[in-house]
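Look at the structure below and find its strands before reading on. The text then goes through the strands, the helices beside them, and the end of one helix.

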Amino acid sequence: MLYGRVILVSLALCSQTCLTITYKLLLFFNDMKDAPVQPSLVIVYFGGNDSMEPHPSGQGPHVPLPEYIDNMKKIALHLKGLSDNTRVMFLSAPPVNEEQIFQTSGVQGRTNKACRIYSEACLKLCEELDVKGVDLWTALQQRDDWKTTCFTDGIHLSSEGSKLVVKEILKALREAEWKPSLYWRSLPTEFEEESIYDPVSQDGKTNLNTSELEFARSVQWE
């Protein structure tokens with residue numbers, strides 16, 4: 001997606017864990033290592049599927065905690081090595097609503113306790129590797145009604161849950177002592193020069209530089 005200040009690339013893969021994706025992810029970014037432009041920011045989220053309870057058959061998405069930590073470390077170090085200006089942010093495992101999961105799908109194996117354990121492990125690793133960590137497990141539970149408003153099925157985030165995640169990411173970007181800053185208000189605007197092809201203002205003579213306008217938003221992030 002191309003915006004005036006930033007190009008966003010979403011690499012979202014269903015039902016993946018850090019175990020199943022690490023090799024693919026490293027290959028993806030390895031192909032970019034010689035590119036003239038490296039990503040300024042990579043946001044990584046794993047932990048929800050990884051933290052599921054192990055299935056008796058030995059199958060399923062569960063990733064043992066030590067293996068989870070090791071894979072997340074590999075990902076972090078690889079991404080940090082892309083360039084001196086590539087910043088890395090990890091999102092920790094969010095909470096789950098166990099009752100809603102069972103009511104919706106009848107599936108068991110996800111617990112909020114396990115999510116907390118993997119979340120804490122992720123944040124501890126972030127401290128060790130100097131990676132910006134966002135504590136989603138705690139952030140979402142700050143709302144008294146988090147169980148009924150943050151999920152569509154007890155696992156996947158609703159619109160309200162997603163808004164909370166965005167606010168936490170923006171907060172982390174604002175507080176990060178990165179130079180240059182990657183907070184959206186600090187980013188330079190592409191194609192900001194004035195043009196006669198911009199909309200004409202009310203005086204009928206001058207043009208409105210749309211790159212300087214802040215459009216009304218249904219959600220105010222700050």
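**The middle strand and its surroundings**

In this predicted model, strand S2 is covered on both of its faces. Arg87, Met89 and Leu91 are buried on one side, and Val88 and Phe90 are buried on the other. Buried here stands for under 20% relative accessible area. Five of the five residues of S2 meet that description, so the strand is largely enclosed by the rest of the structure. To reach S2 from S1, the chain passes through helix H2 (residues 65-80), and this β-α-β crossover is right-handed.

S2 belongs to an open sheet of three strands, ordered S1-S2-S3, with parallel pairing. S1 (41-45) and S3 (132-134) are the edge strands; each has a single partner strand, so one side of each has no neighbour in the sheet. On average, neighbouring strands of this sheet are turned by 20° against each other, direction ignored.

How many bridges join S1 to S2? There are five, and S2 covers residues 87-91. Within this pair, Ile43 stands opposite Met89 of S2. On the other side of the order, S2 and S3 pair over three bridges, also in the parallel sense. Here Phe90 has Gly133 in S3 as its bridge partner.

Two helices lie across the strands. Helix H4 (residues 112-129) lies across S2 and S3 and runs at about 160° to S3. Helix H7 (residues 159-175) lies across S1, S2 and S3, at about 145° to S2.

Helix H3 (residues 98-105) shows how a helix can begin and end. Asn97 caps its N-terminal end, with a side-chain oxygen 3.2 Å from the backbone nitrogen of Glu99. After H3 comes Gly106, which has a positive phi, near 75°.

Definitions and conventions: Residues numbered from 1 in each chain as written. Predicted model: local features only at pLDDT ≥ 70, side-chain atom pairs only at ≥ 80, totals over all residues. Heavy atoms only, no water. Polar contact = N/O pair within 3.5 Å; in protein donor to acceptor, adjacent residues only side chain to side chain. Helix = DSSP H or I, 4+ residues; strand = E, 2+ residues; numbered from the N terminus. Pairing = 2+ DSSP bridges. Axes fitted to C-alpha atoms, helices over the stretch in contact; angles between N-to-C directions. Contact = heavy atoms within 4.5 Å. Buried < 20%, exposed > 50% of the residue type's maximum accessible area, 1.4 Å probe, protein only. Right-handed = clockwise from strand over helix to strand, strands pointing away.
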